[in-house]
Each structure stands twice: as C-alpha cells, then as structure tokens.
Amino acid sequence: MAASMRPPPEIDSDEEESGDWEEWQAGGPEEAEEEEAAQCLFCSDELPSSKAVFQHCAEAHSFDFLKLRADAGLDFYDTLRLINFIRSKVAENKSWSAEASLELQESLREQAGLSVDTKQKGTASSSVPAWKDDKFLTPVLENDPLLYGFDDEGEDDDVEEMNAVDRNAALRELLEDKSNSAASTSTGLEVLAETGTRNDLADLTKVFLSLGDDIREELASPLDVPMTADVAAESSSNSSLQDDGAPDLIAVEVDEELSVKSSNGTEPELPKKKGKKDLKVTFAEVAKREARNVNKDYFGSYSAFGIHREMLSDKVRTDAYRDALVANPSLLKNAVVMDVGCGTGILSLFAAQAGASKVIAVDGSSKMAAVATEISKANGFLKDTSSPESSSKGVMTVLSGMIEELDETMPVEVHGVDVLVSEWMGYCLLFESMLPSVLHARDRWLKPGGAILPDTAEMFVAGFGKGGTSLSFWENVYGFNMKSVGEEVVRDATQAPIIDVVDSKDVITTSALIQAFDLATMKADDTDFTSQFKLELLPSSRDTSKESTNEATKLDVVWCYGLVVWFDTGFTERFCKDKPVLLSTSPHTPRTHWSQTILTFKEPIALCAHDASSEKMDKGKVGSEGCPASAITGRISIARSHRHRSIDISLETSAVSPSNAIRTWPVQMFDI
C-alpha cells in the first residue's frame, strides 16, 4: 500500500483570534503587533521588520522588490519562490554588489515581460524562469520572516483592499487556466480584478459558480470567496448550483447588512476592518489546506478496486503478511489487534483467523471501510454491536476515518492494543507511505512492549547497467536504428525517478544499505536522512555486462547508468517467534507491485575490476572509458517534500580510480 501522512504544523486558531475578535466587535483600538526582525536579501544586515528589509534593499542595493512584485503581478506562491531564489543566488556569490542586485532586478523584469523603467508589460520570455521551480518553495533560511511578512507591507488602510484585489487576481488566474470559457471572459476579468470593488467580486463569484462542479471544487480549495446578497439570490434559484458535495474550504456567506438598506434609505455602515493578524495567510493554514486536499485525493484513489486487486494479487506481499499473522499463534492467540489502513480488510481477516480476541480495522476511505465491513460480515468475523446480549462470535470492528481523529470512537482503551499491523509501505518505501499514521497509532494505542508488524525496514541501493535502461530496445526496432529516441528517454529519466522492475542480471555492482528503521522505536522525523554509499563492480558483471574493451589496457569496461533503490521489511524474531518473515522488493527476489525505484545518472560511469592491470590505465577523466573507475561513492538524501505525501531525493555521485583519483558530478535532484 502506498499511503503517508505528515501532519502539517498546528495552529491554535481559537487562541490566536479570540482577543482580536472581541476587540473588533467592540470597536476598540487594534492591539499593536510585534514586528519580527528579518535579514536583508543581499547582505547580512538584520532589519527590525519586513518593511524595513524591502526599503533597505531598494535604497542600499538598488533592488525594489515590492515594485517588482506589484508590476509583475506575482501571487503568494510566486513571491515565496522569488524570495528563496534571490537568497540562493546571493548564497552562491559571497561578494554580492549593488551592481549585481541591479542586474538581477533587470533580468527578472525582462523575464516577466516588463520594461526596466515602467510597469508596462511587454512580451515575456518564452522559457520558464529559473525561479519558478517548485524547489524554491522550500525556505533557504529557516523560519525566514520575509516569507510571511511580504503581505504586511503598505499602510493599514490598504490591507483589506489589497487582499480583495489579490483574491480577484488569484481567481482570475485560476479561471484562465482551468475554465474552458476563459478565452472569452479573460478580458473582462482583468478589468474587474484591477478595480477590486464589492460588485466586481460579486461578478467574479457569478462566473465561478457558473463553472462545472469539478472545476469549482478544484478552484475552491485555496480561495475564500465572499458572496453578496444578489449573487446568493441568483445561486439559490439555480438548483444546478446547489450540490451537497460543495467543497468545505470555500466560505460562501451572505452579509445580511449588505442585502438591505437602513430605514432612512442610506446604505448600512460596513463592519470595521480586521487587523493584519486576521488577514495574514500563514504557512500552517496553507499546509493544512494542502494536506486536506492531498488526503482527499489519496484516500479517494484507494476507493477504486483495481489497486486493491493489484495488491491482493501480489503473492510476495500477501503471503508475507499471512505467514506473519497466521503462522505465529503465540503472538496472535487472544490478542487485541489494530490494522491501520485496512483496505479490503485482508490483514484483519488473517488476524481473526489466527485467533485474535478483538480486531479493530481502520481506513481513511469511507467507501473501503464499508467494503471491509461487508466482507468481514460475509465471512462471519464482524462483531455484532446491535445488541449487548448478542451471541455473535465475530471479533472485527471497522472504523472509517484517519487514525489521528478517532479517539472518541475507538472501542479500546489507550495503550490497549497487543499487536499493531499495517501495510504502510509506498514506492521507494516512503512515497505516499502511511508511516507517520502508523507511528501515531503505535504511540497512542499500542501497549508498552506490544508488537508492531512489520517491525523493521531497510533501504538499499546498487548500480545498474545498460539493460536497466531502454537503450537496447531503441537501438534495433524491427531492424531500424532508433537510438536517438532511446537517448532522449534516458535524458528524461535523469529528471525524475522511474518506478519499474530491474532484472537481477542488470544489477552490476555490490549493494549498500542506506537506511535502517526500527518501527518499534523510530520517530517520524527519522524518515528524513542522509547516507553515504560505496559500490564496486560485481565479479559476474565483468563477463555478462561488459560493453567494451580498452585496447590500451585490455580492461573490460562496464558502464553504470544509475542507481536502483529497493527496500526490505522484516517480521523478526523479536515478535514473530514461531515464524519470522522477510518481505523483500529486491531485484534479486520475485517481483512485487512496488517494483524498484530507478535514479538515472546524468552521465554513465565506466567501471572495471580493481586489479593489477588497472595500473596501465590511460590518462583521462575518472569514470570514462580511458580511465574506468574501480568504485562509485556518493551520498543520498531522502526527505519529506513540502508537497504532502511526497518525497525529495538528492544524489551526489563520485567515481574513484584505483589510484584514488576522484571525479565528482553535480548534485541531482529527484522528487516523487
């Protein structure tokens, strides 16, 4: 199963907002907010506020960030990217000057299609600017105040108006990207977005409501769209716009004060504006919103039966769990078992079959929870909760929801579970894995000394040869040479990991353990790690995988095209004393639905055996055919991505010659 939940940062919204809300209702003065000091974008100076930083950048470094942002119409995320991009550029050049700042500003304005002296838009560059890369959503400086302070600039009187304009602009941009009718309405929307009035926002809301349900749901998530009375009346009369599946993240409210006039015929007085704290978009709010959307898609994907058939048909996977449960009676007999991410309930059924006294099956998909309930009932394992006097022998209870949110309905005491089982692993072990949820269940519900299955997980890497790529296929397609296609495919593979099966004969190096997890004691943060590795040519690869012979040295050269990553999970003797089990996704064992993860080098590395003849090697770059390497060393880092349930991988690679000469390649970045 591929499922993971890294809970976003938490905010205590009640505590944060209560004071301001009471003052706002009472019409009292706003409480002065503390400004947080921030570092300049271009030097080490620390200024008392974000506003002071941007003013300092304009005066001392000739870089007017706020003007550039306004002229280019950068949204929230683009502004984050640009700040981090600038910080990364400055970090690369320690001798940064005002001239360099001015050149950077002119370059950025040109990329945005702006002239240097005005905000008049011209033709933007056709290529995507480097700072648009999503990697620049990751802060360069930890807890950088600029990343949540740029929306506070300007006088207080302008804050609410600017937020309205920003909402209009954001909605306009989304409509242009997502709506089929954007071409015909974009001109009008641009005009509306510039004015930012309440009536204009009502018109935008009408356009929003006219879109299809699926498009509206997608657009609704990141926006807070207020609704005026006239729009509400129109929407209430249109039954097609009233569906129970409306997204819960869009606030559609009717302000009754705006829908009627006062007794003297004048417009009612608008409520007083909120303080900046109420209007600020925080990282916690963005992360929570993003996590909710990803979780919805994630659990929705597991509502389709095709993926469950694939997992159940994976004999290696399913047999390993069955053996760990059914073949270990000393562990399961009369035990209280919890199955996190139960899906169809197969692991829960194994536990019930093994003699568990109580089995609690949990799934985040309401559909799959209902399916598991029906299956357990059909097989006589569902506990009858309709009557306390029931003589049913069923032991299974199925709960729908995320394990982190089921404290009130859990039919067991805290730390009342004997065995916690879950098939939480994803591609590359950690992609979309449910491990944080499993660890939460362990800490909340598993009794001290209780068993967690599996209880170990290990990750490995090894080098693969040409057979692990598609080059051989494209070199001869019905007798035609299509090598250029294969080369392009390999180039594309250097940009993103490939999930595929690598044949054992195409693994040409030794393997290296890069990380080991103890599920009984580890923390969620342990999934972010960096590890070093060293790989050498396998003796068997000298004959079966050699691609060329260096005539000067008579050495057989084997080319390594990248790394293959896999994982093993263990049901060890610590808990499974009757029958320990190993579930492996190695290229050297029967294939599983997880396959392996392939990380392709930018440039293949030539390898040879480290023996006496290597002393005669030609001069040249280490890792080339003239100077093949005796080993590949490197460092691999895997960490949770800013995108919920995703992971980022960085790979540093070096080739080492028999004489210990080293050639190093630039770092490669992958994300899954």
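In the predicted model, the residues Ile346, Leu347, Ser348, Leu349, Phe350, Ala351 and Ala352 of helix α18 are buried. The helix, which comprises residues 346–353, is thus described as mostly covered, with seven of its eight residues buried. Helix α18 lies across four strands, namely β3, β4 (358–363), β5 and β6. Relative to β4, the helix runs at about 180°. After the helix comes Gly355, a residue with a positive phi, near 105°.

The strands crossed by α18 belong to an open sheet of five strands, arranged in the order β5-β4-β3-β6-β7. The pairing within this sheet is parallel. Strands β5 (396–400) and β7 occupy the edges, where each has a single partner strand, so that one side of each lacks a neighbour in the sheet. From one strand to the next, the twist averages 20°. In general, the strands of a sheet pair through backbone hydrogen bonds, in either a parallel or an antiparallel manner. Within the present sheet, strand β3 (residues 336–340) and β6 run parallel and are joined by three bridges. In this region, Asp339 stands opposite Val421 of β6.

The loop that connects β6 (417–421) to α20 (435–445) contains Cys428. Although Cys428 is not a glycine, its phi is positive, at about 55°. The relative accessibility of Cys428 is 4%, and the residue therefore counts as buried, the cut-off being under 20%. Leu429 is also placed in the loop between β6 and α20. Its phi, near 70°, is likewise a positive value in a residue other than glycine. Leu429 counts as buried because its relative accessibility is 0%.

A cis peptide bond is found between Leu453 and Pro454, with omega at about -10°. Pro454 is situated in the loop between β7 (446–453) and β8 (456–464). Strand β8 is largely enclosed by the rest of the structure, because seven of its nine residues are buried. This strand pairs with β10 (residues 507–518) in the antiparallel sense, over eight bridges. Phe460 stands opposite Leu513, a residue of β10.

Another loop, between β14 (581–584) and β15 (596–607), holds Ser595. With a relative accessible area of 14%, Ser595 is buried. When neighbours within four places in sequence are left aside, Ser595 is in contact with Ile499, Asp500, Val501 and Thr585.

Two further regions concern helices. Helix α4 (residues 76–92) has 17 residues, which should span 24 Å at 1.5 Å a residue. The C-alpha atoms at its ends lie 25 Å apart, and this value agrees with the expected span. Helix α4 is mostly covered, since 13 of its 17 residues are buried, and a residue is counted as buried under 20% relative accessible area. At the start of α4, a side-chain oxygen of Asp75 comes within 2.7 Å of the backbone nitrogen of Asp78.

Helix α15 (residues 305–313) packs with helix α16 (residues 315–326) at an angle of about 70°, and the two axes are 5 Å apart. This angle makes α15 roughly perpendicular to α16. On the side of α15, the contact is made by Met311, Leu312 and Ser313. On the side of α16, the contributing residues are Lys315, Arg317 and Thr318.

For the protein as a whole, the secondary structure comes to 23 helices and 19 strands. Of its 672 residues, 46% count as buried. Among the contacts with a separation of 6 or more, 70% are accounted for by residues 24 or more positions apart.

Technical notes. Residues are numbered from 1 along each chain as its sequence is written. This is a predicted model: local features need pLDDT of at least 70, side-chain atom pairs count only at pLDDT 80 or more; totals for chains, interfaces and linings use all residues. Side-chain values use heavy atoms; hydrogens and water are left out. Helices (H or I, at least four residues) and strands (E, at least two) are DSSP runs, numbered from the N terminus. The expected span of a helix is 1.5 Å times one less than its number of residues. Buried means under 20% relative accessible area, exposed over 50%, partly exposed in between (1.4 Å probe, protein chains only). A polar contact is a pair of N or O atoms within 3.5 Å; within protein, one must be able to donate a hydrogen and the other to accept it, and residues adjacent in sequence count only if both atoms are side-chain atoms. Two strands pair if DSSP finds at least two bridges between them. Axes are lines fitted to C-alpha atoms, for helices over the stretch in contact, and angles run from 0 to 180 degrees between N-to-C directions. Angles under 35 degrees count as roughly parallel, over 145 as roughly antiparallel, 65 to 115 as roughly perpendicular and the rest as oblique. Contact means heavy atoms within 4.5 Å.
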